[in-house]
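Student: I have a model open and want to go through it piece by piece. Can we start with the loops and then work inwards?

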Amino acid sequence: AEQATPNQFIDVFAKIFGEHKGERKGHAKGFCAVGSFQALPEAKNFSSVFWLSGEKVPVTARFSMAGGNPNAPENARSPRGLGVQLKSSKGELQHFAMLTTPVFGAKDPENFLGLLQTQIPDPATGKADLAKTQAFRAAHPDTQAQAEYLAKNSPPWSYATTSYFGIHTFFIKDNSGVEHKVRWHFVPEDGVKGLTQAEIKAPPTDFLQKRLSDRLAKGPTHWTMQLVLGEAGDTETDPSVLWPTQRTTLEIGRLSITEQGGEACTVVNFDPNVLSAGVRASADRVLQMRSPAYAISFGKRLTNQ
Ligand code: HEM
């Protein structure tokens, strides 16, 4: 089959969600936040990448709802996103652009595109045909794990009460020059709390920004960054497959969010391939597709298209 192109994603988002000039074509609904990241003292014994040194690094972040709908219902069983940009005093950058699901919706760009194409509304009815999506999932088992996770786990009660997963595999160079195959995720110190069944079924309201601002009025909110160490045979390229749960996991640092709102993230393109020295992307083709797709979306947003 033909390889998917970044423009096909921009087109399919417009067909599913409509044209929204000047908005992100994915994760259209969201807001900025700022804070800091600080590695735990032991982290510098592991690696000398700048954000593991133990220095407090300023963070620009954005919390978001997946999808290109700027008015997405906040009780939807869909992923939430967190984009994080770490910037050292010397200007070195590291991005994390994560979801609240531990796996992605497809193993490769072609299956993700195919899945999205089943969600284009029929011009006659204005509605997507759920049977098409179900048939696609049945024929492409890699598109089932994320859907199952979303069906089993309630959407977050607050952006502060959910984990965020990097999903893709990266490589981090340790102090002896050896690369480690890793996946990272951020676990909330406030604990994981989902919406109740009643909240999921109720008419949608906008509560996510308010709940975070109420929480931050009491002080910063924190996540522990965990690095999962992959072993031989753990997939490096398939973001729809979880690694076995018994993998060695290092607590490596702490993300703090201190303020929400404002415009600090407006100028940021949370391209997940912005990686600091000592960190390398895997050959995951979904990860690789994200840079060109985000660049097109970023350019359109900046030019009000
Ligand atoms: C081929 C697969 C994917 C495509 C085509 C895609 C597409 C997009 C696009 C077009 C945007 C808007 C970018 C911008 O205007 O700044 C976006 C945002 C985002 N995506 Fe993806 N995405 C993909 C996979 C993923 C995956 C695997 C993750 C998480 C692991 C993810 C997490 C996010 C987040 C957190 C944002 C919001 C960034 C922000 O707040 O500015 N995406 N995506």
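Student: Where does Thr235 lie?

Tutor: This is a predicted model, so keep that in mind throughout. Thr235 sits in the loop that runs between strand E8 (221-229) and strand E9 (249-260).

Student: Is Thr235 buried, exposed or partly exposed?

Tutor: Thr235 counts as partly exposed, because it has 16 C-beta neighbours inside 10 Å and the buried class begins at 20. As for its surroundings, the C-alpha atoms of Thr235 and His168 are separated by 9.7 Å, although the two residues are 67 apart along the chain.

Student: What about Ile167, where is that?

Tutor: Ile167 is in the loop between strand E5 (164-165) and strand E6 (170-173). Its phi is near 65°, a positive value in a residue other than glycine.

Student: And is Ile167 buried or exposed?

Tutor: Ile167 is buried, with 24 other C-beta atoms within 10 Å.

Student: Which segment holds Asn304, and what is its phi?

Tutor: Asn304 is found in the segment after H8. Its phi is positive, about 55°, although Asn304 is not a glycine. Asn304 is exposed, with 8 other C-beta atoms within 10 Å.

Student: Back to strand E9. What does Arg254 touch?

Tutor: Arg254 lies in strand E9. Leaving aside neighbours within four places in sequence, Arg254 is in contact with Gln38, His222, Thr224 and Met225. Arg254 and Ser36 are 8.3 Å apart, C-alpha to C-alpha, with their positions 218 residues apart in sequence. Arg254 has 17 other C-beta atoms within 10 Å, so it is partly exposed.

Student: New topic. How many helices and strands are there in the protein chain?

Tutor: The protein chain has 8 helices and 10 strands. Its C-alpha trace spans about 60 × 45 × 40 Å along the principal axes. A compact globule of 305 residues would have a radius of gyration near 19 Å, and the chain has 19 Å, which agrees.

Student: How much of the chain is buried?

Tutor: Buried residues make up 38% of the 305 residues. Of the contacts between residues at least 6 apart in sequence, 74% join residues at least 24 apart.

Student: Which residues have the most contacts inside the largest nonpolar core?

Tutor: They are Trp51, Val59, Ala61, Val84, Met98 and Leu255, in a core of 58 residues. H8 gives the most to this core, with 5 residues. Beyond four places in sequence, the residues that Ala61 touches include Val34, Leu82, Val84 and Ile257.

Student: Let's take H1. Which of its residues are buried?

Tutor: Phe9, Val12, Phe13 and Phe17 are the buried residues of H1. Seen down the axis of H1, they fall within an arc of 110°, so they line one face of the helix. The general background is that an α-helix has 3.6 residues a turn, so residues three or four places apart point the same way.

Student: What covers that face?

Tutor: What covers the buried residues of H1 includes helix H3 (109-117) and helix H8 (285-302). H1 is followed by Gly18, whose phi is positive, near 85°.

Student: Last one, the ligand. Which residues are closest to it?

Tutor: The closest are Arg24, Gly26, His27, Gly81 and Ser297, out of 29 residues that surround the ligand.

Student: And which element gives the most to that shell?

Tutor: H8 does, with 8 residues. The elements that each supply at least two residues of the shell include H3, strand E2 (56-65), strand E3 (80-87) and strand E4 (93-99).

Definitions and conventions
Residues numbered from 1 in each chain as written. Predicted model: local features only at pLDDT ≥ 70, side-chain atom pairs only at ≥ 80, totals over all residues. Buried ≥ 20, exposed ≤ 12 C-beta atoms within 10 Å, placed from the backbone. Helix = DSSP H or I, 4+ residues; strand = E, 2+ residues; numbered from the N terminus. Arc of directions from axis to C-beta. Contact = placed C-beta atoms within 7 Å. Rg over C-alpha atoms; globule rule 2.2 N^0.38 Å. Core = buried A, V, L, I, M, F, W, Y, C linked by C-beta atoms within 7 Å. Near = placed C-beta within 6 Å.
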